[in-house]
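Here is a short briefing to read alongside your sequence and structure. Keep the viewer open and follow the strands as you go.

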Amino acid sequence: MNYLSVFLVLILATSPLAYSGEYKEVSWDDLMPADWVPNTPEDPAFFEGETFDGETIALPNTELAPVVKTLDRQKLKLPGYIIPIKFNTSSVSEFLLVPYVGACVHTPPPPENQIVYVSLKKPLVTQDLWAPVWVSGSMKAQMSMTKYATAGYHLTEAITEVYEY
């Protein structure tokens, strides 16, 4: 009986299931299909908003950027910057993770496959929302619409850590 217990412990310790809590580190390029080429505005000075004359100008309608379906239900770790969605004076519980500082605050926002909606396990208490962070969690390849932008992915049960560079 004792040998059987040791044998089972060894099998479980070397099993991939024993390491299922680990996150695979990915880059922003990994969130784009390899054959996809992003659309770029024809006029580099194009913006969305109101002109000095009071005329409202909107961004042209484009197709949604495709996501990488194989990332669905994987445990991933990704660096980026926070655009708060659900927050109070001391913490943030949901945010958009974007590849560069200020994305989504300025128009046009990045493509949908370059925006991740993040739902944290525990709210993040931080004094510096402009600092980059690592975010780890369970990825869902699904669209999430916000008032700032549409995210192509949703990272759930997420945790954050300081990005050291």
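Leu 97 of S5 has Val 116 as its bridge partner in S6. Please keep in mind that this is a predicted model. The points below start from that pairing, then turn to a serine in a loop, a pair of rings and the chain as a whole.

**Strand S5 and its partners**
- S5 and strand S6 (residues 116-124) run antiparallel and are joined by five bridges.
- Leu 97 also takes part in a pairing with S4, where Ile 82 is its bridge partner.
- S4 and S5 are likewise antiparallel, with six bridges joining them.
- Together, S4 and S5 make a hairpin, and four residues lie between the two strands.
- S5 is largely enclosed by the rest of the structure, because six of its seven residues are buried.

**Ser 91, in the loop before S5**
- You will find Ser 91 in the loop that connects strand S4 (75-87) with strand S5 (92-98).
- Is Ser 91 buried or exposed? Its relative accessibility is 14%, and the cut-off for buried is under 20%, so Ser 91 counts as buried.
- Once neighbours within four places in sequence are set aside, the contacts of Ser 91 are Pro 123, Leu 124 and Val 125.

**The aromatic pair and a lysine**
- How many aromatic pairs does the structure hold? There is one.
- The pair is made by Trp 134 and Tyr 163, whose ring centres are 5.2 Å apart; their planes meet at 40°, so the pair counts as tilted.
- This pair links distant parts of the chain, as Trp 134 belongs to strand S7 (residues 133-140) and Tyr 163 to the segment after strand S10 (153-162), 29 residues apart.
- Trp 134 counts as buried because its relative accessibility is 13%.
- Tyr 163, at 26% relative accessibility, counts as partly exposed.
- Trp 134 has a further partner to look for: the charged end of Lys 77 sits over its ring, 4.8 Å from the ring centre.

**The whole chain**
- The protein contains one helix and ten strands, and along the sequence the pattern reads α-β-β-β-β-β-β-β-β-β-β.
- The protein has 165 residues, of which 35% count as buried.
- Among contacts with a separation of 6 or more, 65% are between residues 24 or more positions apart.
- The accessible surface is about 11200 Å², and carbon and sulfur atoms account for 57% of that area.

Key. Residues are numbered from 1 along each chain as its sequence is written. This is a predicted model: local features need pLDDT of at least 70, side-chain atom pairs count only at pLDDT 80 or more; totals for chains, interfaces and linings use all residues. Side-chain values use heavy atoms; hydrogens and water are left out. Buried means under 20% relative accessible area, exposed over 50%, partly exposed in between (1.4 Å probe, protein chains only). Contact means heavy atoms within 4.5 Å. Two strands pair if DSSP finds at least two bridges between them. Rings of Phe, Tyr and Trp (its six-membered ring) pair if their centres lie within 6.5 Å; planes under 30 degrees apart count as stacked, over 60 as edge-to-face and the rest as tilted. A charge sits over a ring if NZ of Lys or CZ of Arg is within 6 Å of the ring centre and within 35 degrees of the ring normal. Accessible areas come from the Shrake-Rupley method with a 1.4 Å probe; for residues, only the protein chains shown count as cover.
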